[in-house]
Amino acid sequence: MNSLRKVTLGLAGFGTVGGGLVEILQKNKAELEARAGCQFVLKTVVVRDPSRVRAVALPEGTRLSTSLSDVTDDPDIDIAVELMGGIEPPRSFILRALEQGKHVVTANKALLAEAGEELFRLAGKKGVRLLYEASVAGGIPVIQTLKESLAGNRIQSVEGILNGTSNYILSEMSSNGKDFATALADAQARGYAEADPSLDIDGHDTAHKLVLLIRLAFGVDYPYSQMPVQGIRNMDSMDIEFAREFGYRVKLLGRVRRTEKGLEAGVFPVLVRHTYLLARVGGAFNAIRIEGNAIGSLFLHGLGAGALPTGSAVMSDIVAAARGTMPFNTGFAAPLHTADIVPPADAVSSYYVRFMIKDQPGVLHALTGDLAEFGVSIAQAIQKGERDDGVPLVLMLHAARVQDVQSALDKIAARDFLNAPAVAYRVMD
Ligand SMILES: NC(=O)c1ccc[n+]([C@@H]2O[C@H](COP(=O)([O-])OP(=O)(O)OC[C@H]3O[C@@H](n4cnc5c(N)ncnc54)[C@H](OP(=O)(O)O)[C@@H]3O)[C@@H](O)[C@H]2O)c1
């Protein structure tokens with residue numbers, strides 16, 4: 001007879017992550033009881049289609065339901081776990097569960113990025129926990145790291161590879177010479193990318209996660225709608241190859257740094273020097289580099305998705321909620337205020353720029369002049385190999401204001417020696 005205190009769970013969503021969580025609850029039962037000092041009882045699991053065959057069997061005694069109120073309104077349930085995904089019904093489910101005084105655990109980055117404020121406010125008012133370790137970088141414990149482990153730091157910057165699908169595509173293009181369409185089809189065949197991969201390859205999934213990391217690192221709300229986002233949909237193998245020749249790998253990064261004028265943040269494909277750890281993160285892995293004024297540089301690397309890694313993160317939140325300690329849900333005691341944001345045009349970056357030009361004299365001279373007019377200078381240049389659509393001319397630009405680079409490129413766009421619009425990517429210094 002088990003004499004441990006019982007903590008009762010209700011789960012909404014029994015797909016990839018829900019299945020991983022249920023597997024961990026059963027497989028690691030002894031470790032969980034030893035660590036948390038309680039016995040977890042999964043009372044209810046809610047799904048859309050109860051007739052579907054599941055990869056994981058439910059524990060004996062767990063009830064399968066199609067009604068979300070069987071979790072939110074059941075007074076026996078201490079912790080409600082939301083693993084459905086999307087904005088509704090998860091938003092209403094979480095609000096109702098918090099209203100009923102339950103702790104809530106979720107992996108839902110889209111919801112927390114777009115509507116997190118009202119959820120955190122209600123959780124604070126009700127004195128319950130709203131935990132979300134699995135919402136950023138799957139199995140990597142970055143939320144807890146920022147919230148607890150780095151509480152002694154003034155955070156200077158956070159940058160990360162936060163989307164495994166995009167990283168897999170870029171890695172395949174770089175290491176195996178695939179073009180974008182082939183690498184994407186490959187990611188879909190392996191189950192990394194959704195049938196509609198837009199959220200991943202257009203950078204919005206990374207942006208959702210970056211909004212959450214900014215909250216935890218700086219204690220401010222950076223409105224999702226104001227985040228500059230550039231994805232990898234139009235990535236050309238040619239640019240991956242030129243980047244390699246200059247000694248860089250292209251990575252889709254979520255980045256934020258503290259400046260005197262406020263936070264500079266965004267999601268962009270970035271050329272990262274091949275010797276940096278972030279450049280070496282391959283395949284579907286995720287990684288985050290955090291710079292704090294006490295710890296210096298910290299690097300986290302691991303599996304950013306999948307049933308068991310993500311289930312592991314969800315389980316860590318359940319254990320934390322069951323242990324009953326009560327840190328602030330956002331990581332900060334004070335209510336969050338809106339971030340001071342450096343307008344994206346005023347940010348400063350080095351650039352990689354590729355032009356497709358007609359092979360004629362005077363082009364480099366004209367380009368140099370147009371760039372210089374806006375105070376932008378060239379660090380390196382290569383011109384190579386004629387193609388049907390012209391000759392690629394690649395410039396590496398010294399750090400400059402984003403608006404100045406854009407203005408120079410706008411001026412160059414009108415030049416008659418250009419065969420196609422210029423391609424520009426940021427370079428990590
Ligand atoms: N997959 C990953 O590796 C990963 C990593 C990090 C974070 N996440 C996040 O984790 C969450 C879950 O992702 P997932 O990949 O596990 O999703 P999934 O495999 O699509 O599973 C979703 C589950 O939610 C259930 N569901 C959906 N709408 C429902 C509704 N209206 N009422 C009741 N049940 C409903 C589905 O029921 P049926 O089974 O009956 O259809 C299914 O069991 C998402 O927020 C996602 O962003 C996922």
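**Exercise 1. A residue in a loop**

In which loop is the place of Ala137? Find its two flanking elements, then decide whether Ala137 is buried or exposed.

*Solution.* Keep in mind from the start that this is a predicted model.
- Step 1: Ala137 sits in the loop between strand E6 (130–131) and helix H6 (142–149).
- Step 2: Look at the backbone. The phi angle of Ala137 is near 60°, a positive value in a residue other than glycine.
- Step 3: Count the neighbours. A residue is buried if 20 or more other C-beta atoms lie within 10 Å of its own. Ala137 has 31 C-beta neighbours inside 10 Å, so Ala137 counts as buried.

**Exercise 2. A cis peptide bond**

Which residues does a cis peptide bond join, and where does Pro89 lie?

*Solution.*
- Step 1: The cis bond links Glu88 and Pro89, with omega at about 10°.
- Step 2: Pro89 is placed in the loop between strand E4 (79–82) and helix H4 (90–99).

**Exercise 3. The chain as a whole**

Describe the secondary structure of the chain, then compare its radius of gyration with the globule rule.

*Solution.*
- Step 1: The chain has 14 helices and 17 strands.
- Step 2: The radius of gyration is 24 Å, close to the 22 Å that the globule rule gives for 429 residues, so the chain is as compact as a globular protein of that length.
- Step 3: Along its principal axes, the C-alpha trace spans about 85 × 45 × 35 Å.
- Step 4: Of the 429 residues, 44% are buried.
- Step 5: Take the contacts between residues at least 6 apart in sequence: 75% of them join residues at least 24 apart.

**Exercise 4. The largest nonpolar core**

How many residues does the largest nonpolar core have, and which helix gives the most to this core?

*Solution.*
- Step 1: The core has 125 residues. Those with the most contacts inside it are Leu21, Val81, Leu210, Ile214, Val314 and Ile318.
- Step 2: Helix H10 (residues 204–218) gives the most, with nine residues.
- Step 3: Follow Val314 as an example. Apart from neighbours within four places in sequence, Val314 is in contact with Val17, Leu21, Val81, Leu83, Val105, Ala107 and Ala134.
- Step 4: Here is some background. In soluble globular proteins, nonpolar side chains tend to be buried together.

**Exercise 5. Around the ligand**

How many residues surround the ligand, and which helix supplies the largest share of the shell?

*Solution.*
- Step 1: The ligand is surrounded by 24 residues, and the closest are Gly13, Gly15, Gly85, Ala107 and Ala305.
- Step 2: Helix H1 (residues 16–27) supplies the largest share of the shell, three residues.
- Step 3: Sorted by class, the shell holds twelve nonpolar, nine polar and three charged residues.

**Exercise 6. Where two domains touch**

Into which domains is the chain divided, and how many residues of domain 2 are in contact with domain 3?

*Solution.*
- Step 1: The assigned domains are domain 1 (5–135), domain 2 (142–302) and domain 3 (345–427).
- Step 2: Between the C-alpha centres of domain 2 and domain 3 there are 25 Å.
- Step 3: Across this boundary, 13 residues of domain 2 are in contact with eleven residues of domain 3.
- Step 4: On the domain 2 side, helix H11 (237–245), strand E9 (248–259) and strand E10 (262–273) each supply at least two residues. The largest share, five residues, comes from E10.
- Step 5: By class, that side has ten nonpolar, no polar and three charged residues.

**Exercise 7. Three partly exposed residues**

Locate Asp370, Arg401 and Ala422, and list their contacts beyond four places in sequence.

*Solution.*
- Step 1: Asp370 belongs to helix H13 (residues 363–373). Asp370 has 19 C-beta neighbours inside 10 Å, so Asp370 counts as partly exposed. The contacts of Asp370 are Ala408, Lys411 and Ile412.
- Step 2: Arg401 lies in strand E16 (residues 391–401). With 16 C-beta neighbours inside 10 Å, Arg401 is partly exposed. Arg401 is in contact with Asp346 and Val348. The C-alpha atoms of Arg401 and Val348 are separated by 4.4 Å, although the two residues are 53 residues apart along the chain.
- Step 3: Ala422 is part of strand E17 (residues 418–427). Ala422 has 18 other C-beta atoms within 10 Å and is therefore partly exposed. Ala422 touches Val353, Arg354, Phe355, Leu409 and Ile412.
- Step 4: Finish with a long span. Ala422 and Gly37 are 385 residues apart along the chain, and their C-alpha atoms are separated by 60 Å.

Notes. Residues numbered from 1 in each chain as written. Predicted model: local features only at pLDDT ≥ 70, side-chain atom pairs only at ≥ 80, totals over all residues. Near = placed C-beta within 6 Å. Helix = DSSP H or I, 4+ residues; strand = E, 2+ residues; numbered from the N terminus. Nonpolar A, V, L, I, M, F, W, Y, C, P; charged D, E, K, R; others polar. Domains from an automatic or database assignment. Contact = placed C-beta atoms within 7 Å. Buried ≥ 20, exposed ≤ 12 C-beta atoms within 10 Å, placed from the backbone. Core = buried A, V, L, I, M, F, W, Y, C linked by C-beta atoms within 7 Å. Rg over C-alpha atoms; globule rule 2.2 N^0.38 Å.
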